[in-house]
Amino acid sequence: QVQLVESGGGLVQAGGSLRLSCAVSGLPFSNYHMAWFRQAPGKEREFVAGILWNGGRAYYADSVKDRFAISRDNAKNTVYLQMNSLKSEDTAVYYCAASYRRSRDSIPREESLYDYWGQGTQVTVSS
């Protein structure tokens, strides 16, 4: 049974930091690109950041570039999202997702190309 379990969400003041974790089990982790998406109230879910199967390259949405950093530890089957300089507009439910590495050197930004999803963790940034 495949499981993606996010943790680390919570309430933080604007300008603060949070680190999200996503522990993955039940699949060969190093065969999957990993990503974080988020969904704010009343909005569609959007791509935030993604990382290649081997950690060789990361991709970011323009809205979080230079503030967020995605990383992975293939020995621990875990992906992380370090979020700094948080803004009220970062408030959302954050989801981690796994996409089988159909391409070795690029990852998708479309939800439909992700095979497995976590249940989400709430991040609330107060201004």
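Which polar contact does the backbone nitrogen of Gly-9 have with the side chain of Thr-121? I looked this up at the start and found that a polar atom of the Thr-121 side chain lies 3.3 Å from the backbone nitrogen of Gly-9. I note here that the model is predicted.

**Entry: Thr-121**

I placed Thr-121 in strand β11. I then checked its accessibility: the relative value is 11%, and because buried means under 20%, Thr-121 counts as buried. I listed its contacts, leaving out residues up to four places away in sequence, and obtained Glu-6, Ser-7, Gly-9, Leu-20, Ala-92, Val-93 and Tyr-94. Tyr-94 in this list is also the residue that stands opposite Thr-121 in the pairing of β9 with β11.

**Entry: strand β9 and its partners**

I followed Tyr-94 into β9 and recorded the pairing of that strand. With β11 (residues 121-126), β9 shares three bridges, and the two run antiparallel. With β4 (residues 32-39), β9 is joined by eight bridges, again antiparallel; I noted Tyr-32 opposite Tyr-100 there. With β10 (residues 116-117), β9 pairs over two bridges in the antiparallel sense, and Ala-98 stands opposite Tyr-116.

I next asked how many of the nine residues of β9 are buried. Seven are, so the strand is largely enclosed by the rest of the structure.

**Entry: the disulfide**

I searched the whole structure for disulfides and found one. It joins Cys-22 to Cys-96, with an S to S distance of 1.9 Å. The pair links distant parts of the chain: Cys-22 belongs to β3 (residues 18-25) and Cys-96 to β9 (residues 92-100), 74 residues apart. I checked whether each cysteine is buried or exposed. Cys-22 has a relative accessible area of 0% and is therefore buried; Cys-96, at 0% relative accessibility, counts as buried too.

**Entry: the four-stranded sheet**

I traced the sheet that contains β3. Four strands form it in the order β1-β3-β8-β7; the sheet is open and its pairing is antiparallel. I identified β1 (3-7) and β7 (68-73) as the edge strands, each of which pairs on one side only. On average, and with direction ignored, neighbouring strands of this sheet are turned by 15° against each other.

At the β7 edge, I recorded six bridges to β8 (residues 78-83), with the two strands antiparallel. Ser-71 stands opposite Tyr-80 in that pairing.

**Entry: the nonpolar cores**

Which residues have the most contacts inside the largest nonpolar core? I found a core of 30 residues, in which Met-34, Trp-36, Leu-81, Met-83 and Tyr-94 hold that position. I then listed the strands that each supply at least two residues of this core: β3, β4, β5 (46-51), β7, β8, β9 and β11. I also found a second, separate core of nine residues, including Ala-35, Phe-47, Tyr-59 and Tyr-114.

I examined Met-83 individually. Neighbours within four places in sequence aside, Met-83 is in contact with Gly-16, Ser-17, Leu-18, Leu-20, Arg-67, Phe-68, Tyr-94 and Val-123. I noted that Leu-20 and Tyr-94 are among the contacts of Met-83 and also among those of Thr-121.

**Closing entry**

I returned to the opening question with its surroundings now recorded. Thr-121 is buried at 11% relative accessibility, stands opposite Tyr-94, and has a polar side-chain atom 3.3 Å from the backbone nitrogen of Gly-9. Tyr-94, in turn, is one of the residues with the most contacts inside the largest nonpolar core.

How values were computed: Residues numbered from 1 in each chain as written. Predicted model: local features only at pLDDT ≥ 70, side-chain atom pairs only at ≥ 80, totals over all residues. Heavy atoms only, no water. Disulfide = S-S within 2.5 Å. Buried < 20%, exposed > 50% of the residue type's maximum accessible area, 1.4 Å probe, protein only. Pairing = 2+ DSSP bridges. Axes fitted to C-alpha atoms, helices over the stretch in contact; angles between N-to-C directions. Polar contact = N/O pair within 3.5 Å; in protein donor to acceptor, adjacent residues only side chain to side chain. Contact = heavy atoms within 4.5 Å. Core = buried A, V, L, I, M, F, W, Y, C linked by side-chain atoms within 4.5 Å.
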